[in-house]
Amino acid sequence: MNTKRVGWAYLWMTATFVIASLFVSYFMPYMGISITALLSELCLLIPVLCCLIRGRAQIPAQLKFRGIKPATVLLVLVYHICCYPLVIAMNSFTMAISDNEALDLTAQFQGEPFFLIWLFVGLVGPVVEELIFRGAILGGLRTTGRIFTPILLSALLFGLIHMNVNQFSYTLCMGIFWGLLAEATGSIIPSMICHITMNSVSVILAYLLEDSIGGLEEIIEAGGAGAALSYAATGFTFLIISIFTTMLAMLMLRVISLNEGRTGCFENIFRQKSKAERYGHLFSIPLIIGIAIAAVVTITMLIADFMN
(Lines give C-alpha, C1' and ligand atoms only; values in the text may rest on other atoms or scores of the structure.)
Protein backbone atom coordinates (compact mmCIF):
# COMPACT_ATOMS: atom_id res chain seq x y z
CA MET A 1 0.00 0.00 0.00
CA ASN A 2 1.47 3.35 -1.06
CA THR A 3 0.98 6.77 0.52
CA LYS A 4 -1.95 7.63 -1.74
CA ARG A 5 -3.84 4.54 -0.60
CA VAL A 6 -2.92 5.36 3.01
CA GLY A 7 -4.60 8.74 2.50
CA TRP A 8 -7.77 7.24 1.07
CA ALA A 9 -7.88 4.58 3.80
CA TYR A 10 -7.59 7.20 6.55
CA LEU A 11 -10.20 9.45 4.95
CA TRP A 12 -12.71 6.60 4.78
CA MET A 13 -11.80 5.52 8.32
CA THR A 14 -12.53 8.97 9.76
CA ALA A 15 -15.70 9.43 7.70
CA THR A 16 -17.18 6.03 8.58
CA PHE A 17 -16.13 6.43 12.22
CA VAL A 18 -17.95 9.77 12.52
CA ILE A 19 -21.07 8.40 10.78
CA ALA A 20 -21.02 5.26 12.93
CA SER A 21 -20.63 7.38 16.09
CA LEU A 22 -23.73 9.39 15.19
CA PHE A 23 -25.60 6.16 14.45
CA VAL A 24 -24.50 4.59 17.73
CA SER A 25 -25.48 7.67 19.77
CA TYR A 26 -29.10 7.02 18.79
CA PHE A 27 -29.17 3.23 18.83
CA MET A 28 -26.71 2.25 21.63
CA PRO A 29 -29.53 1.46 24.11
CA TYR A 30 -30.78 -1.17 21.68
CA MET A 31 -27.41 -2.46 20.41
CA GLY A 32 -25.42 -2.92 23.61
CA ILE A 33 -21.88 -1.73 24.31
CA SER A 34 -20.24 -4.92 23.00
CA ILE A 35 -21.79 -4.57 19.54
CA THR A 36 -20.90 -0.88 19.59
CA ALA A 37 -17.23 -1.68 20.33
CA LEU A 38 -17.15 -4.24 17.50
CA LEU A 39 -18.72 -1.77 15.09
CA SER A 40 -16.06 0.83 15.96
CA GLU A 41 -13.22 -1.56 15.13
CA LEU A 42 -14.88 -2.62 11.86
CA CYS A 43 -15.12 1.05 10.85
CA LEU A 44 -11.33 1.20 11.11
CA LEU A 45 -10.48 -2.20 9.65
CA ILE A 46 -12.71 -2.44 6.57
CA PRO A 47 -11.38 0.68 4.72
CA VAL A 48 -7.78 -0.46 5.26
CA LEU A 49 -8.49 -4.03 4.10
CA CYS A 50 -10.22 -2.66 0.98
CA CYS A 51 -7.18 -0.52 0.13
CA LEU A 52 -4.80 -3.43 0.74
CA ILE A 53 -6.81 -5.79 -1.45
CA ARG A 54 -7.32 -3.21 -4.19
CA GLY A 55 -3.59 -2.49 -4.19
CA ARG A 56 -2.90 -6.24 -4.49
CA ALA A 57 -0.52 -6.04 -1.56
CA GLN A 58 1.02 -9.11 0.03
CA ILE A 59 -0.92 -8.59 3.24
CA PRO A 60 1.32 -10.53 5.73
CA ALA A 61 4.43 -8.73 4.44
CA GLN A 62 2.68 -5.34 4.33
CA LEU A 63 1.47 -5.75 7.91
CA LYS A 64 4.91 -6.85 9.22
CA PHE A 65 3.45 -9.99 10.75
CA ARG A 66 6.76 -11.68 11.63
CA GLY A 67 7.67 -13.85 14.61
CA ILE A 68 10.04 -12.64 17.33
CA LYS A 69 12.42 -14.36 19.75
CA PRO A 70 11.06 -15.41 23.20
CA ALA A 71 13.60 -13.18 25.00
CA THR A 72 12.30 -10.20 23.02
CA VAL A 73 8.89 -10.57 24.68
CA LEU A 74 10.39 -9.91 28.13
CA LEU A 75 12.48 -7.00 26.81
CA VAL A 76 9.39 -5.53 25.18
CA LEU A 77 7.48 -5.59 28.48
CA VAL A 78 10.35 -3.76 30.21
CA TYR A 79 10.36 -1.23 27.34
CA HIS A 80 6.62 -0.76 27.77
CA ILE A 81 6.99 -0.06 31.50
CA CYS A 82 9.68 2.54 30.75
CA CYS A 83 7.34 4.30 28.32
CA TYR A 84 4.43 4.48 30.74
CA PRO A 85 5.37 7.55 32.88
CA LEU A 86 5.09 9.82 29.83
CA VAL A 87 1.66 8.33 29.07
CA ILE A 88 0.52 9.06 32.64
CA ALA A 89 1.86 12.62 32.36
CA MET A 90 -0.04 13.32 29.13
CA ASN A 91 -3.21 11.75 30.50
CA SER A 92 -2.98 13.89 33.66
CA PHE A 93 -2.37 17.14 31.76
CA THR A 94 -5.36 16.66 29.46
CA MET A 95 -7.67 15.53 32.28
CA ALA A 96 -7.28 19.08 33.59
CA ILE A 97 -9.11 20.41 30.52
CA SER A 98 -11.22 17.50 29.18
CA ASP A 99 -13.10 14.38 30.18
CA ASN A 100 -11.32 11.06 30.67
CA GLU A 101 -12.90 9.21 27.75
CA ALA A 102 -11.35 5.87 28.75
CA LEU A 103 -13.03 6.13 32.17
CA ASP A 104 -16.34 6.97 30.49
CA LEU A 105 -16.00 3.90 28.28
CA THR A 106 -15.19 1.74 31.30
CA ALA A 107 -18.36 2.94 33.02
CA GLN A 108 -20.40 1.91 29.97
CA PHE A 109 -19.06 -1.64 30.26
CA GLN A 110 -20.29 -2.01 33.84
CA GLY A 111 -22.46 -5.08 34.28
CA GLU A 112 -20.97 -6.86 31.26
CA PRO A 113 -19.11 -10.19 31.77
CA PHE A 114 -15.38 -9.75 32.37
CA PHE A 115 -14.39 -11.97 29.44
CA LEU A 116 -16.54 -9.96 27.04
CA ILE A 117 -15.00 -6.68 28.20
CA TRP A 118 -11.47 -8.08 27.88
CA LEU A 119 -12.22 -9.62 24.48
CA PHE A 120 -13.25 -6.33 22.86
CA VAL A 121 -11.14 -3.81 24.79
CA GLY A 122 -8.12 -5.91 25.78
CA LEU A 123 -7.65 -8.08 22.70
CA VAL A 124 -9.68 -7.29 19.58
CA GLY A 125 -9.19 -3.52 19.76
CA PRO A 126 -5.39 -3.62 20.21
CA VAL A 127 -4.89 -6.28 17.51
CA VAL A 128 -7.02 -4.42 14.96
CA GLU A 129 -5.42 -1.04 15.71
CA GLU A 130 -1.87 -2.41 15.49
CA LEU A 131 -2.62 -4.15 12.19
CA ILE A 132 -3.88 -0.82 10.87
CA PHE A 133 -1.51 1.81 12.28
CA ARG A 134 1.82 0.02 12.84
CA GLY A 135 1.12 -2.39 10.01
CA ALA A 136 -0.72 -1.04 6.98
CA ILE A 137 -0.40 2.72 7.54
CA LEU A 138 3.20 2.83 8.79
CA GLY A 139 4.19 0.32 6.12
CA GLY A 140 2.54 2.44 3.43
CA LEU A 141 4.24 5.62 4.63
CA ARG A 142 7.59 3.81 4.75
CA THR A 143 7.44 3.32 0.98
CA THR A 144 8.78 6.87 0.70
CA GLY A 145 12.15 5.67 2.02
CA ARG A 146 11.79 7.69 5.22
CA ILE A 147 11.66 6.07 8.68
CA PHE A 148 11.25 8.47 11.60
CA THR A 149 8.84 10.90 9.88
CA PRO A 150 6.40 8.08 8.94
CA ILE A 151 6.55 6.89 12.57
CA LEU A 152 5.58 10.38 13.75
CA LEU A 153 2.82 10.74 11.14
CA SER A 154 1.34 7.29 11.83
CA ALA A 155 1.33 8.15 15.56
CA LEU A 156 -0.48 11.43 14.81
CA LEU A 157 -3.10 9.58 12.76
CA PHE A 158 -3.47 7.02 15.55
CA GLY A 159 -4.02 9.75 18.14
CA LEU A 160 -6.47 11.74 16.02
CA ILE A 161 -8.68 8.75 15.21
CA HIS A 162 -9.73 8.64 18.89
CA MET A 163 -11.27 12.08 18.29
CA ASN A 164 -10.91 13.45 21.82
CA VAL A 165 -8.09 15.48 23.40
CA ASN A 166 -7.55 13.18 26.39
CA GLN A 167 -6.95 9.98 24.41
CA PHE A 168 -5.15 11.87 21.63
CA SER A 169 -2.46 13.07 24.05
CA TYR A 170 -1.30 9.69 25.29
CA THR A 171 -2.10 7.60 22.20
CA LEU A 172 0.13 9.98 20.21
CA CYS A 173 2.98 9.17 22.63
CA MET A 174 2.28 5.44 22.56
CA GLY A 175 2.00 5.57 18.77
CA ILE A 176 5.56 6.93 18.59
CA PHE A 177 6.90 4.38 21.08
CA TRP A 178 5.15 1.48 19.34
CA GLY A 179 6.16 2.71 15.88
CA LEU A 180 9.80 2.77 16.98
CA LEU A 181 9.35 -0.73 18.36
CA ALA A 182 7.84 -2.02 15.12
CA GLU A 183 10.73 -0.55 13.13
CA ALA A 184 13.39 -1.84 15.55
CA THR A 185 12.05 -5.41 15.39
CA GLY A 186 10.63 -5.48 11.87
CA SER A 187 7.38 -6.86 13.32
CA ILE A 188 4.09 -5.57 14.72
CA ILE A 189 3.90 -8.41 17.26
CA PRO A 190 5.90 -6.44 19.90
CA SER A 191 3.61 -3.41 19.59
CA MET A 192 0.61 -5.77 19.82
CA ILE A 193 2.04 -7.16 23.06
CA CYS A 194 2.39 -3.63 24.48
CA HIS A 195 -1.08 -2.56 23.36
CA ILE A 196 -2.77 -5.71 24.64
CA THR A 197 -0.92 -5.39 27.96
CA MET A 198 -1.90 -1.75 28.38
CA ASN A 199 -5.59 -2.30 27.62
CA SER A 200 -5.80 -5.58 29.57
CA VAL A 201 -4.39 -3.95 32.70
CA SER A 202 -7.00 -1.19 32.35
CA VAL A 203 -9.79 -3.77 32.01
CA ILE A 204 -8.59 -5.74 35.05
CA LEU A 205 -8.36 -2.59 37.19
CA ALA A 206 -11.80 -1.46 36.01
CA TYR A 207 -13.25 -4.87 36.87
CA LEU A 208 -11.64 -4.89 40.34
CA LEU A 209 -12.75 -1.30 41.02
CA GLU A 210 -16.14 -1.63 39.34
CA ASP A 211 -18.10 -0.38 42.37
CA SER A 212 -15.90 2.73 42.56
CA ILE A 213 -16.08 3.83 38.90
CA GLY A 214 -19.33 5.76 39.21
CA GLY A 215 -18.19 7.58 42.34
CA LEU A 216 -14.83 8.37 40.75
CA GLU A 217 -16.55 9.96 37.76
CA GLU A 218 -18.63 12.16 40.09
CA ILE A 219 -15.53 13.25 42.01
CA ILE A 220 -13.73 14.15 38.76
CA GLU A 221 -16.70 16.13 37.42
CA ALA A 222 -17.17 18.00 40.71
CA GLY A 223 -13.46 18.68 41.25
CA GLY A 224 -13.38 22.09 39.60
CA ALA A 225 -10.22 24.21 39.58
CA GLY A 226 -8.71 22.26 42.48
CA ALA A 227 -8.89 19.02 40.52
CA ALA A 228 -7.38 20.69 37.45
CA LEU A 229 -4.39 21.89 39.50
CA SER A 230 -4.01 18.42 41.00
CA TYR A 231 -3.97 16.84 37.54
CA ALA A 232 -1.43 19.40 36.34
CA ALA A 233 0.82 18.73 39.34
CA THR A 234 0.60 14.99 38.72
CA GLY A 235 1.41 15.59 35.08
CA PHE A 236 4.55 17.61 35.87
CA THR A 237 5.72 14.99 38.38
CA PHE A 238 5.44 12.16 35.88
CA LEU A 239 6.87 14.34 33.11
CA ILE A 240 10.07 14.74 35.13
CA ILE A 241 10.16 11.00 35.82
CA SER A 242 9.56 10.31 32.13
CA ILE A 243 12.75 12.15 31.13
CA PHE A 244 14.78 9.37 32.70
CA THR A 245 12.46 6.47 31.87
CA THR A 246 12.21 7.51 28.21
CA MET A 247 16.01 7.53 27.92
CA LEU A 248 15.99 4.05 29.45
CA ALA A 249 13.31 3.04 26.94
CA MET A 250 15.55 4.14 24.06
CA LEU A 251 18.36 2.03 25.50
CA MET A 252 15.98 -0.92 25.74
CA LEU A 253 14.92 -0.32 22.14
CA ARG A 254 18.51 -0.68 20.98
CA VAL A 255 18.90 -3.89 23.02
CA ILE A 256 15.68 -5.26 21.48
CA SER A 257 16.90 -4.42 17.98
CA LEU A 258 20.21 -6.20 18.58
CA ASN A 259 18.44 -9.20 20.14
CA GLU A 260 16.38 -9.53 16.96
CA GLY A 261 19.57 -9.46 14.86
CA ARG A 262 18.79 -6.07 13.32
CA THR A 263 22.23 -4.56 13.80
CA GLY A 264 22.35 -0.85 12.99
CA CYS A 265 18.56 -0.61 12.70
CA PHE A 266 18.18 1.58 15.81
CA GLU A 267 20.75 4.09 14.58
CA ASN A 268 19.21 4.08 11.10
CA ILE A 269 15.82 5.17 12.46
CA PHE A 270 17.18 8.56 13.51
CA ARG A 271 19.68 9.03 10.68
CA GLN A 272 18.91 11.93 8.34
CA LYS A 273 18.13 10.50 4.91
CA SER A 274 19.66 12.02 1.80
CA LYS A 275 17.48 13.23 -1.07
CA ALA A 276 18.46 10.13 -3.05
CA GLU A 277 17.02 7.95 -0.26
CA ARG A 278 13.70 9.83 -0.13
CA TYR A 279 11.06 9.60 -2.84
CA GLY A 280 7.40 10.48 -2.99
CA HIS A 281 5.30 12.55 -0.61
CA LEU A 282 3.95 11.51 2.77
CA PHE A 283 0.85 13.71 2.50
CA SER A 284 -1.94 13.43 -0.04
CA ILE A 285 -5.17 15.40 -0.40
CA PRO A 286 -7.34 12.54 1.00
CA LEU A 287 -5.01 12.22 4.01
CA ILE A 288 -5.15 15.97 4.71
CA ILE A 289 -8.97 15.88 4.52
CA GLY A 290 -9.07 12.89 6.87
CA ILE A 291 -6.78 14.67 9.34
CA ALA A 292 -8.95 17.80 9.12
CA ILE A 293 -12.13 15.83 9.86
CA ALA A 294 -10.57 14.12 12.88
CA ALA A 295 -9.10 17.42 14.15
CA VAL A 296 -12.42 19.28 13.83
CA VAL A 297 -14.27 16.56 15.74
CA THR A 298 -11.54 16.54 18.43
CA ILE A 299 -11.73 20.32 18.89
CA THR A 300 -15.55 20.19 18.92
CA MET A 301 -15.45 17.57 21.67
CA LEU A 302 -13.05 19.74 23.68
CA ILE A 303 -15.37 22.77 23.36
CA ALA A 304 -18.28 20.59 24.46
CA ASP A 305 -16.31 19.54 27.56
CA PHE A 306 -15.69 23.18 28.46
CA MET A 307 -19.36 24.07 27.97
CA ASN A 308 -20.45 21.22 30.21
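Trainee: Is Cys 82 buried or exposed?

Mentor: This is a predicted model, and in it Cys 82 counts as buried because its relative accessibility is 7%.

Trainee: How much of the chain is buried?

Mentor: Of the 308 residues in the chain, 47% are buried.

Trainee: Back to the cysteines. How many disulfides does a search of the whole structure find?

Mentor: The search finds zero disulfides. A disulfide is a covalent bond between the sulfur atoms of two cysteines.

Trainee: Which cysteine sulfur is closest to that of Cys 51, and why is there no bond?

Mentor: The closest one belongs to Cys 50, and its sulfur lies 7.0 Å from that of Cys 51, which is too far for a bond. The cut-off for a disulfide is a sulfur pair within 2.5 Å.

Trainee: And what is the nearest cysteine sulfur to Cys 82?

Mentor: That of Cys 83, at 6.8 Å, and Cys 82 is in no disulfide.

Trainee: Is Cys 51 buried or exposed?

Mentor: Cys 51 counts as buried, with a relative accessibility of 12%.

Trainee: Let us turn to the overall fold. How many helices and strands does the chain have?

Mentor: The chain has 13 helices and zero strands. Read from the N terminus, every element in the run is therefore an α element.

Trainee: What share of the contacts joins residues 24 or more positions apart?

Mentor: Such pairs account for 85% of the contacts in the chain with a separation of 6 or more.

Trainee: How does one describe two packed helices?

Mentor: One gives the angle between their axes and the distance between the axes.

Trainee: What are those values for H4 and H8?

Mentor: H4 and H8 pack at about 160°, and their axes are 8 Å apart. That angle makes H4 roughly antiparallel to H8, since the cut-off for this description is an angle over 145 degrees. The crossing of the two helices is right-handed.

Trainee: Which residues make that contact?

Mentor: On the H4 side they include Val 76, Tyr 79, His 80 and Cys 83, and on the H8 side they include Val 165, Asn 166, Ser 169 and Phe 177. By class, the contact of H4 with H8 has 15 nonpolar, five polar and no charged residues.

Trainee: H4 also packs against H9. At what angle, and how far apart are the axes?

Mentor: Helix H4, residues 70-95, and helix H9, residues 189-208, pack at an angle of about 55° with axes 10 Å apart. The two are therefore oblique to each other, and H4 passes H9 in a right-handed crossing.

Trainee: Which residues of H4 and H9 meet there?

Mentor: Val 73, Val 76, Leu 77, His 80, Tyr 84 and Val 87 in H4 meet Pro 190, Ile 193, Cys 194, Thr 197 and Met 198 in H9. These residues divide into nine nonpolar, two polar and no charged.

Trainee: What does Ile 193 touch, leaving out residues up to four places away in sequence?

Mentor: Ile 193 touches Ile 68, Val 73, Val 76 and Leu 77. In addition, its C-alpha atom is separated by 9.7 Å from that of Leu 123, although the two residues are 70 residues apart along the chain.

Trainee: What about H6 and H8? How do their axes cross?

Mentor: The axes of H6, residues 114-141, and H8 come within 11 Å and cross at roughly 60°. H6 and H8 are therefore oblique to each other, and the crossing is right-handed. Glu 130, Arg 134 and Leu 138 of H6 make the contact with Gly 175, Trp 178, Gly 179 and Ala 182 of H8. The classes here are three nonpolar, two polar and two charged residues.

Trainee: Where is Met 163 found?

Mentor: Met 163 lies in the loop between helix H7 (148-160) and helix H8 (165-185). Met 163 is buried, with a relative accessible area of 6%.

Trainee: What is the phi of Met 163?

Mentor: Met 163 has a positive phi of about 55°, although it is not a glycine. Most residues other than glycine have a negative phi.

Trainee: Lastly, where is Thr 36, and is it buried or exposed?

Mentor: Thr 36 is in helix H2, residues 33-54, and is buried with a relative accessible area of 7%. Thr 36 and Phe 23 are 13 residues apart in sequence, and their C-alpha atoms are 9.9 Å apart in space.

Key
Residues are numbered from 1 along each chain as its sequence is written. This is a predicted model: local features need pLDDT of at least 70, side-chain atom pairs count only at pLDDT 80 or more; totals for chains, interfaces and linings use all residues. Side-chain values use heavy atoms; hydrogens and water are left out. Axes are lines fitted to C-alpha atoms, for helices over the stretch in contact, and angles run from 0 to 180 degrees between N-to-C directions. Helices (H or I, at least four residues) and strands (E, at least two) are DSSP runs, numbered from the N terminus. Angles under 35 degrees count as roughly parallel, over 145 as roughly antiparallel, 65 to 115 as roughly perpendicular and the rest as oblique. A crossing is left-handed if the near helix is turned anticlockwise from the far one by less than a right angle, and right-handed if clockwise. Contact means heavy atoms within 4.5 Å. Ala, Val, Leu, Ile, Met, Phe, Trp, Tyr, Cys and Pro count as nonpolar, Asp, Glu, Lys and Arg as charged, and the others, Gly among them, as polar. Buried means under 20% relative accessible area, exposed over 50%, partly exposed in between (1.4 Å probe, protein chains only).
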